[in-house]
Amino acid sequence: MLGHAAGALSLLLWWLAALAPSSVSSISVTTPAELHASRGEKVTLSCTFTSTSRPTSKMNVDWSYRPQSGGPPQTFFHFSSKAFPPPEGQFAGRIRWQGSPALGDASILLTNASLSDNGTYTCSVRNPPDVHGSPNSHTVLSVTPKSPSIRFSDVAVLLFFILLPSAVITLILIGRILCPKKRLNQSKAYRSPIEVAEGEEYGYNPPAAKAKRETCCDLYLMDSDDEAQYYTLKKRPPSDDGCVESQC
């Protein structure tokens, strides 16, 4: 009975000893599930980690890439005390180390993103003696064509060559419509005493309110004047000009 109890206690201690390293010596790596970028932009492939052991020179980081079309992942970046960017291949000259192991950061920067960069990126961190936990994490990058943008200078040119002439033409038309009316109103409202009124230049005077009644003599003189002009031109000699016989 006593021996059976001692065996059970020994088994329990063994399990505790086996689980102790895994709970103490473990590492956890985290990356965003998805990243989005436009073609030609810079994008940070973020990767953070937590470790129960302080990072040392033995810590190393690996970044691998699997194309969107599928296939095995290919390691293109390695860090161990210093960064080793890819010397050739798809990412040559476009990867920069942005991490800080002391702060638990293992991020990299991808410059001049292209549509061929679409795919899955995996960040792997090793920090001995931490060998348990989740040392890998994946993120999916989606690169889309860059949408066209309108610069302020283009807008200014359009405003100058389209809107400005239209505004000037509109103002000219409004001025031609309003100015004649304005001048007419001013001529009616302000007249000089020596200014000739309408109809006066033709010798026409408006009838007075109370016109004098014409007499027989007046009518005869008016008719005689008309006849004198007629006979001067047709019948009478020049010596008879101005002679009018009065019968009053």
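This briefing covers the fold, the disulfide, the nonpolar core and some backbone features of one chain. The model is predicted. The secondary structure of the chain comprises three helices and twelve strands. Of the 248 residues in the chain, 22% are buried. Among contacts with a separation of 6 or more, 57% are between residues 24 or more positions apart. The exposed area of the chain is about 18500 Å², with 60% of it supplied by carbon and sulfur atoms.

**Disulfide**

- The chain has one disulfide, and this bond joins C47 to C123 with an S to S distance of 2.1 Å.
- C47 and C123 count as a disulfide because 2.1 Å between the sulfur atoms falls within the cut-off of 2.5 Å.
- The link of C47 and C123 is left-handed, with -80° about the S-S bond.
- The pair connects distant parts of the chain, 76 residues apart: C47 sits in the loop between strand 3 (43-45) and strand 4 (48-51), and C123 belongs to strand 10 (residues 119-126).
- C47 has a relative accessible area of 0% and is buried.
- C123 is likewise buried, at 0% relative accessibility.

**Nonpolar core**

- The largest nonpolar core holds 26 residues, of which V61, W63, F76, Y121, C123 and V125 touch the most other members.
- Elements giving two or more residues to this core are strand 1 (26-30), strand 2 (34-38), strand 3, strand 5 (60-67), strand 6 (74-80), strand 9 (108-110), strand 10 and strand 12 (136-144).
- Beyond its neighbours within four places in sequence, W63 contacts both cysteines of the disulfide, C47 and C123.
- The other contacts of W63, with the same neighbours set aside, are L45, S46, Q74, T75, F76, F77, A106, I108, Y121 and T122.

**Surroundings of S137**

- S137 is a residue of strand 12, and S137 is buried because its relative accessible area of 10% is under the 20% cut-off.
- The side chains of S137 and T31 make a polar contact of 2.6 Å.
- Leaving out residues up to four places away in sequence, S137 touches V29, T30 and T31, and also Y121, T122 and C123.

**Surroundings of G104**

- G104 is located in the loop between strand 8 (95-97) and strand 9.
- With a relative accessibility of 8%, G104 is buried.
- G104 touches C47, T48 and F49, residues up to four places away in sequence not being counted.
- From G104 to V29 the C-alpha to C-alpha distance is 9.2 Å, although 75 residues separate the two in sequence.

**Backbone features in loops**

- P128 and P129 are joined by a cis peptide bond, with omega about 10°.
- P129 is in the loop between strand 10 and strand 11 (132-134).
- S81, which is not a glycine, has a positive phi of about 70°.
- The loop between strand 6 and strand 7 (82-84) contains S81, and S81 is exposed because its relative accessibility of 55% is over 50%.
- N112 also has a positive phi, near 50°, in a residue other than glycine.
- N112 belongs to the loop between strand 9 and strand 10.

Key: Residues numbered from 1 in each chain as written. Predicted model: local features only at pLDDT ≥ 70, side-chain atom pairs only at ≥ 80, totals over all residues. Heavy atoms only, no water. Helix = DSSP H or I, 4+ residues; strand = E, 2+ residues; numbered from the N terminus. Buried < 20%, exposed > 50% of the residue type's maximum accessible area, 1.4 Å probe, protein only. Core = buried A, V, L, I, M, F, W, Y, C linked by side-chain atoms within 4.5 Å. Contact = heavy atoms within 4.5 Å. Polar contact = N/O pair within 3.5 Å; in protein donor to acceptor, adjacent residues only side chain to side chain. Areas by Shrake-Rupley, 256 points an atom, 1.4 Å probe, with all protein chains shown as cover.
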